[in-house]
Each structure stands twice: as C-alpha cells, then as structure tokens.
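Biologist: I am new to this structure and would like to learn how to read it. Could you take me through some features, one at a time?

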Amino acid sequence: DLVSCVGWTTADELYSCSDDHQIMKWNLLTSETVQVVKLPDDIYPIDLHWFPRSIGGKKQSYAESFVLTSSDGKFHLISRSGRLEKSVEAHCGAVLAGRWNYEGTALVTVGEDGQVKIWSKSGMLRSTLAQQGTPVYSVAWGPDSEKVLYTSGKQLIIKPLQPNAKVLQWKAHDGLILKIDWNSVNDLILSAGEDCKYKVWDSYGRILYSSQPHDYPITSVAWTMDGELFAVGSFHTLRLCDKTGWSYALEKPNTGSIFNIAWSIDGTQLAGACGNGHVIFAHVVEQRWEWKNFEITLIKRRTMEVRNVMNDAVDLLEFRDRVIKASLNYGHLVVSTSLQCYVFSTKNWNTPTIFDLKEGTVSLILQAERHFLLTDGGGLYLYSYEGRLISSPKFPGMRTDVLNAQTVSLSNDTLAIKDKADGKVIYIFEASSGKPLGDGRPLTHTTEIVEIALDQKGLTSERKIVFIDKNRDLHITSVKRFGKEQKIVKIGMMVHALAWNDTSNILCGIQDTRFTVWYYPNTVYVDKDLLPKTLYEKDASEFSKNPQIVHFVGNQITIRRADGSLIHLNISPYPAILHEYVSSSKWEDAVRLCRFVKDQTMWACLAAMAVANKDMATAEIAYASIGEIDKVQFINFIKDLPSKESRMAHILLFSGNTQEAETLLLQTGLIYQAIQVNINLYNWDRALELAVKHKTHVDTVLAYRQKFLEDFNKKETNKRFLQYAEGVSI
C-alpha cells in the first residue's frame, strides 16, 4: 500500500511507514530491508519525525526514537527497535503532522480538527497554540524554536509561542497548502500547494520565488540541513532546486505521488515516500566548483573530475568514502568525506594532505589564502593547508549547525561570526589563537545583521569588515578595537549581495538597480566626501531579480541570476594595480599610472590612499587632478607647518578626526594650536575651556569671539564669555 512517511536515523539508515501498517528499516550500505514492527490494524501512519540527535551539546551517533502520527487521532512515541513506548490521544480526527523542535524539548502536532498543540518531550500537553475551522496540513518550527509556522487553507501563519506576540499571516497560494518547511540556517520558508506551485518565502512573508504551475499538485517539499538545496515532490515528479528557487534537475520516476521527502543528515541523498508503495532514493551528483582555470565536477559519489581549461588536462580524484562538502579557492581544493578531509593543491593533484575528522558531517568549508575553516555539529576548526589544526574558536551559546557563508567570514588573520541568539552582534576572533580579538568585546550594531564579509588583503591592523543589516544598508567598520569605539559608517543602501576581491581590498555589491564597485572603501575614514568619486557603477537590470554574487576573483565577477544562469563581468584592472603600488609605497609609480589612465576615479582613490598613508605630496597631486582646490590649499598649509606633530594633527583634522587632532596637540604641548583649531571650527566653549585650564591665551579667544560677534552684529549672550570678558583687557 502507499508509503506515507520516511525518516533517516543515520546517513545510511532509513525508516519508512506505510498504510499496510508496516514500519520498514532500509540499510543502504548492505542493501538490506527489514520489517521493524507491524502496527495494529487501526493505525494508519501519516507523519514520522526522529527525535533530534544533538542534545545538550552531546551528539549521539544515531537517533533513538521517533514520533509517529496516525489517522486515529493519536501520536505514538516509538523506539528505534520498534517498541511502542507511548500513545497519546491528541486530536479529533487524524493527526496530520508532528515535529520535534531543534533542541528536542517540545513537540508540535496539528490535526484535521484545526488545532495546533505543543507537547512536552514525554508527551504531556503543554498548550493549544491555535484553533481554526479548517484542517492544518503541515507544520514547522522556526529556527530558534520560538515560533511555529502552520497552514490554514490558502494562508500561511507564523505564530510565536509567547502569548500576545504579533502573529504573521499571509495568503500564499491559490489552492490548499499541502506542505511547508522552514530552514534553520538560511531562515527561508518553502510552501507547496494544490495550485501546482511551490514557493520560497523569507521569514517576514515576502516572496522570493514562485514556480511555474506544474501538471499536478505539489505534495512534498524539503530543505537540506545546510539550506543550500531543496527537493520538490509531485505525481511522477522529483525536482532538485537551489535555495533561490531555480531547478538543477528534474526526474520523472514511476512513483505515483511523492507524499514525503526526507534528506539524509549529510545532505548527499534523499528518500521519498511514494503513493505506489515504493520508497525512492536519490543521490546528489554533478556539483561543480570553478576557480580561475579549473573546473571540478563530482561525477560519482566518490569521484571528482578536474579539468584544466587552459590545456584540457583531466585528472580523476578517487575518494574512499562519499564526498559530502567541497570548496575550491586560493589554489586549493578542500574536500570533506564522511570520515576524512582531503586538501589538494591545484599545482599537484596526486598528493593530497589527508586527515581524519572528529564528527564526520561537515556543514561548511570556508577558505582564506593561508588557511581554511571547517564547521560541523561539534565546533569550528581552523586548519592550515598542510592539515595542521591551528585553532578552534568558541563563544557562549555557539550553535555551529546554523552557520553559512553569509554569517561567517574568514581572512588570513581574523574570523568573524554573526551571533545566532542576538542578530545584532558579530564575534571577532584572532585566527592563529582562536581567542577574541582586542579587548574581547564583540562588535554590536543597532539593528539585526544579515550578511558579513571580511576584506582579504593588507595589514592586520587595518582589517575591515562590511555587513548588510535587516534594512539592507551596507556598513563598514574596522575590526581592531582598542577601547575606543570605532565608527560604523554606512556606505551603501538597498544592497542585496556583496563580495570582496581575493587579491586586493576592492568590494563589489548589487545595490538596488545598480551594480557597484567600491574601489577603496577605506575612503570613508579618510575623506568622506570623496567616496562617491571612488565608485564604479553600472545598471544591473540585466541580472533580473535577486541575483547572487558567486565570486570576485582577479578582475572578474561572476553573478548568478534568479533563473540559475551565470553572468561574467569584467572590471578595470587598474585599481587593483594601484592598490599593489600603494601597499609597497611606490608613490611615483602610482602617480604615473593615474596619469596614464586619465580617470577621475583612479585619482580620487589615489588621493584617499595617499592621505591614509600620510603621503601629502602625492595627495596634493591627486587632489589637484580632480579639481579639489580647497583641499590642495589646506595640504600646502600643512606642508609649511613647523613641527612634525602639528603636521600629524592637521592631517587628522583633514580626515575629520578633530578629537584625536586636539589630543595629539595637547600631548605635545602645542596648547595654542589646540586652541586655534577649536576657534577655526567655531567650538568656542572648548577653546575657552582649554585657555582657562592651561591659563594661557584667554584674551586671544575673547578677541576672536568679539570679532566673530561684530561680523554678525550679535551681542554676547554666553555667560562664561561675559564672566571672563570683565577681567581681561583685549
């Protein structure tokens, strides 16, 4: 009879339940199939969900028990061996779905009676979350287990567990909604309906993707654990899709409707419960990785093909176990199988470095030039490309299973991680030791952060991090924090995607309808007015809606459109050359390059770079070339100053750091200059305060103030100035 539900215990063992009352166990390694238990004749199973494996930081090697919901209004807690531990009367009519939360502390069930109920781990009723007049066909927990998503006819409803919290409800389909899934890593929602469409939503109920109508209702959808792929099941149809919605593959197996899809824990294979009594197994193959002139394809579960497009050389890489995750960047291919990790250099494919993994299921690989990061259910591990463990950073409340490339960023000396519990916080670690950077305080923003990225080049002391917040504003700030609060500066708005270049600190992003390149983002700390002149912008309408930046290598940017097609963009190579000259202090070459290119953007970048590196002669040439005469004059004034300290202070002043400039002048005993700086900025109170404190030049301050008031025909109203004016003759 038809198979109604399936669920994995390990990466190779599956349980399936059918209307013929049998629970079967499938072992994929030995290809054995065993009947675990025959249920009583009045129990028709509808949904099955295994109890989560990782409880309280300890991870079992397999799941111990599962919940089975059935048509008799009960749910049953059943052990792995098939013993019925408990049956609980739950709903009037069939219990249509049951789901454990991520911690295994609560169970939600929904039924034909329109009720959504929360139960304890042992099966005691905690609360009835919702009641409605129509059956609830599907349910899913929110990523933090604090909200529940369920169906109501054509509507989707997100209801928080806290009473009186705001409920989100929206019309999602034109037909009944049959299945939903909510991923804990990317926070996206899938829905499938009788209108023959499947859709992808964000957690605010905004649509990100809607499929074309199929021939038959969509009966199942399911995310992989890491949120990169999802599967869709329908009548004689199985589809594999990217998280942005477009399809990788379409299969037409002879299965009847696929009522339920379950992904294995490592995300390499799925099982489907079919209407004609079959269980269908499918493996994901042919993933592709590209970097410069190399193209790598997973052709079988344990075999990769490496193609060098320059000379058409082909290498085959064989692995002992099946490949779970891989990453190709910075001249290295890192592959994790179920038990080991292989590191290949692109110069030599024959001798990989191999080391054993602790946990097995790696969920993310991130590479930087000098090292790479592996995350699994147990923690974060930084390895060198020689396979040596460098460090293993930890922070309070760390959940490594929910990290992805948007919420973790790695550079040669720094690792940044967005906190899951508080979305406004970024933890920053020193890569070599795994300890928190600087004074150990994390970076905190005013609103929730969605994506972070560290720049890859330059000195550790100048490492920058950019991030996009919930309002889609792009901010930049420095990673190093010595007690003083570093400014977080906004450099873009409505930014949907971003990427740093791999060889120089150039940032690209898609901003509203424009594709933007920030050739020198550090400009905001040097001369804020100059930033718009250091950008390159082009119209981005050809990329359609929701494009993703795949990578930014050399001067080529690869963008994936919403339909899955790739677009390659080339940007000017000159800014990268300019970065190189400046980092090795070749100022004359830099000026020569700008004169050769004759481009305002280049001159603006050079001006900012020169001021940042305190090379005022070059800055003067560059500012003159973009016609900023006032700044040229000020630079000339700086060059004529008598002492090194006052020159430094005025350079700080030039970049708008008035506080630091004043501190520097006072430290070196240049009291009069500090007072003069405040007078020039019309900071009258501060100027007087300094004069009185150091018992000098009080009359000068009063004289300037008097002249200022005369120029504007105003009378003195400030009490402090009136008080000092009495005792001083000017």
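Modeller: Gladly! Keep in mind that this is a predicted model. Let us begin with one residue, threonine 297, which lies in strand E31 (residues 294-300).

Biologist: Is threonine 297 buried or exposed?

Modeller: The general idea is a cut-off: under 20% relative accessible area means buried. Threonine 297 has 13% relative accessibility, so it counts as buried.

Biologist: And which residues does threonine 297 touch?

Modeller: For this, we skip residues up to four places away in sequence; threonine 297 then touches Glu286, Gln287, Arg288, Thr303, Met304 and Glu305.

Biologist: Let us turn to sheets. In what order do the strands of an open sheet of 4 strands come?

Modeller: One such sheet has the order E23-E24-E25-E26, and its pairing is antiparallel. The edges are taken by strand E23 (220-223) and strand E26 (247-251); each has a single partner strand, so one side of each is left without a neighbour in the sheet. From one strand to the next, the twist averages 15°.

Biologist: How many bridges join E23 to E24?

Modeller: There are 4 bridges between these antiparallel strands. To find one of them, look at alanine 222, whose bridge partner in E24 is alanine 231.

Biologist: Which strands make up the open sheet of 3 strands?

Modeller: That sheet runs in the order E27-E28-E29, again with antiparallel pairing. Strand E27 (258-263) and strand E29 (279-283) stand at the edges with a single partner strand each, so each has one side without a neighbour in the sheet. Neighbouring strands here are turned by 20° against each other on average, direction ignored. Strand E28 (residues 269-274) pairs with E29 over 5 bridges, and glycine 272 stands opposite isoleucine 280 in E29.

Biologist: Now for aromatic rings. How many aromatic pairs are found in the whole structure?

Modeller: The search finds 33. To read a pair, take the distance between ring centres and the angle between planes; an angle over 60 degrees counts as edge-to-face. Phenylalanine 75 and tryptophan 119 have ring centres 4.9 Å apart and planes at 75°, so their pair is edge-to-face. Phenylalanine 75 sits in strand E9 (residues 74-79) and tryptophan 119 in strand E13 (residues 115-120), so to speak a link between distant parts of the chain, 44 residues apart.

Biologist: Are those two rings' residues buried or exposed?

Modeller: Phenylalanine 75 is buried at 0% relative accessibility, and tryptophan 119 is buried with a relative accessible area of 3%. Another edge-to-face pair is tyrosine 198 with phenylalanine 230, at 5.8 Å centre to centre and 75° between the planes. This pair also links distant parts of the chain: tyrosine 198 is in strand E21 (residues 198-201) and phenylalanine 230 in strand E24 (residues 229-234), 32 residues apart. Tyrosine 198 counts as buried at 1% relative accessibility, as does phenylalanine 230 at 0%.

Biologist: Which residues form an aromatic cluster?

Modeller: Phe294, Phe319, Tyr342, Phe344 and Trp349 form one. A ring can also have a charge over its face: arginine 705 lies over phenylalanine 721, at 4.7 Å from the ring centre.

Biologist: How many residues does the largest nonpolar core have?

Modeller: This core has 48 residues, and those with the most contacts inside it are Phe515, Ile557, Leu578, Leu606 and Tyr623. Its largest share, 10 residues, comes from helix H4 (residues 600-612). A second, separate core of 19 residues includes Leu653, Ile675, Leu702 and Phe721.

Biologist: What does tyrosine 623 contact beyond its neighbours within four places in sequence?

Modeller: Among its contacts are Asp527, Leu530, Ala607, Val611 and Phe654.

Biologist: Finally, which residues of helix H7 are buried?

Modeller: In H7 (residues 644-654), they are Ser646, Ala649, His650, Ile651, Leu652, Leu653 and Phe654. The helices they pack against include H4, helix H5 (616-625) and helix H6 (629-639). Just after H7, glycine 656 takes a positive phi of about 85°.

How values were computed:
Residues numbered from 1 in each chain as written. Predicted model: local features only at pLDDT ≥ 70, side-chain atom pairs only at ≥ 80, totals over all residues. Heavy atoms only, no water. Core = buried A, V, L, I, M, F, W, Y, C linked by side-chain atoms within 4.5 Å. Buried < 20%, exposed > 50% of the residue type's maximum accessible area, 1.4 Å probe, protein only. Helix = DSSP H or I, 4+ residues; strand = E, 2+ residues; numbered from the N terminus. Contact = heavy atoms within 4.5 Å. Phe/Tyr/Trp six-rings, centres within 6.5 Å; stacked < 30°, edge-to-face > 60°. Lys NZ or Arg CZ within 6 Å of the ring centre and 35° of its normal. Pairing = 2+ DSSP bridges. Axes fitted to C-alpha atoms, helices over the stretch in contact; angles between N-to-C directions.
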